[in-house]
Amino acid sequence: MKTSLQQGLTLAALIGMAYWLFGNLYEAVVFSPNWVRDSPAQFTRLHEFFSATGPTFYFVPVTQIAIVLVWVLWWRNRDGELVRDYRRAGQAAVVLTVLTVYIVAAVIPHMFGTDALAQPGSLYSAAWQWNILNVFRMLLTATAACYLFGAFRKLDRRIDAS
């Protein structure tokens with residue numbers, strides 16, 4: 001892979017991971033503390049608020065593209081200097097993907113599913129579970145982004161030197 005292409009793909013993956021990280025950070029600071037306090041009222045309000053769109057439309061396209069780019073860079077890299085960075089970013093992305101699938105499949109339905117409001121007791125525990133798991137998700141996203149940034153800087157130095 002040409003250095004300039006690899007640098008561009010690395011930057012795109014890095015921006016996608018940063019986008020995901022700061023989106024989750026925003027949710028963690030602005031929305032989710034309210035979820036664990038008076039959960040039924042908060043989720044009723046959110047169910048009404050998210051009538052035409054929701055966080056899925058914000059996150060899904062960019063996050064999936066970023067994850068796939070990380071894996072492609074890890075798989076297609078032939079540069080010995082970048083192997084460690086791409087491998088670690090790829091490994092963080094694998095664990096991040098598994099965690100996200102778990103959150104989407106097991107936690108989100110208890111918060112936003114069709115009968116979620118009918119079970120107020122599960123809203124509180126699901127909100128806490130989302131908050132705790134989201135911290136780990138942000139750490140994994142930041143880890144992947146840090147390793148991608150390291151790879152990007154190495155590629156950038158090469159291009160600057162030539």
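Me: Buried means under 20% relative accessible area, exposed means over 50%, and partly exposed lies in between (1.4 Å probe, protein chains only). Does Arg 153 count as buried or partly exposed?

Reply: Happy to start there! This is a predicted model, in which local features need pLDDT of at least 70 and side-chain atom pairs count only at pLDDT 80 or more, while totals for chains, interfaces and linings use all residues. Residues are numbered from 1 along each chain as its sequence is written, and side-chain values use heavy atoms, leaving out hydrogens and water. Because Arg 153 has a relative accessibility of 28%, its class is partly exposed.

Me: Which residue forms a salt bridge with Arg 153?

Reply: A salt bridge needs a side-chain nitrogen of Lys or Arg within 4 Å of a carboxyl oxygen of Asp or Glu. The partner sits in helix α5, 3 residues away from Arg 153, which is about one helical turn; helices are DSSP runs of H or I with at least four residues, strands are runs of E with at least two, and both are numbered from the N terminus. This partner is buried at 17% relative accessibility. With the closest N and O atoms 2.7 Å apart, the residue is Asp 156.

Me: Which residues do salt bridges that share partners join into one network?

Reply: Following the salt bridges from one partner to the next gives the answer. The network is made of Asp 79, Glu 81 and Arg 158.

Me: How far apart in sequence are the parts that Glu 81 and Arg 158 tie together?

Reply: These two form a salt bridge, with the closest N and O atoms 2.7 Å apart. Glu 81 lies in the loop between α3 (55–76) and α4 (83–112), whereas Arg 158 is in helix α5 (residues 120–161), so the parts tied together are separated in sequence by 77 residues.

Me: Which residue meets Lys 154 in a salt bridge?

Reply: The N to O distance for this pair is 2.7 Å. The link joins distant parts of the chain, from Lys 154 in helix α5 to a partner in helix α4, 69 residues apart. Lys 154 is partly exposed at 23% relative accessible area, whereas the partner is buried at 5%. That partner is Asp 85.

Me: How many salt bridges does the count come to?

Reply: The count applies the nitrogen-to-oxygen rule already given. The total is 4.

Me: Where do the buried residues of α2 lie around the axis?

Reply: In helix α2 (residues 39–49), the buried residues are Ser 39, Gln 42, Phe 43 and Leu 46. The buried residues of α2 pack against α1, α4 and α5. Their arc, taken from the directions from the helix axis to the C-beta atoms, is only 90°, so they lie on the same side of α2.

Me: At roughly what angle do the axes of α1 and α4 cross?

Reply: Two packed helices are described by the angle between their axes and the distance between the axes. Here the axes are lines fitted to C-alpha atoms over the stretch in contact, with angles running from 0 to 180 degrees between N-to-C directions. The axes of α1 and α4 come within 14 Å, and the crossing angle is roughly 35°.

Me: How many residues of the contact of α1 with α4 are nonpolar?

Reply: Contact means heavy atoms within 4.5 Å, and Gln 6, Thr 10, Met 17, Trp 20 and Trp 35 of α1 meet Tyr 86, Leu 96, Thr 100, Met 111 and Phe 112 of α4. Ala, Val, Leu, Ile, Met, Phe, Trp, Tyr, Cys and Pro count as nonpolar, Asp, Glu, Lys and Arg as charged, and the others, Gly among them, as polar. The contact has no charged residues and 3 polar ones, and its nonpolar residues number 7.
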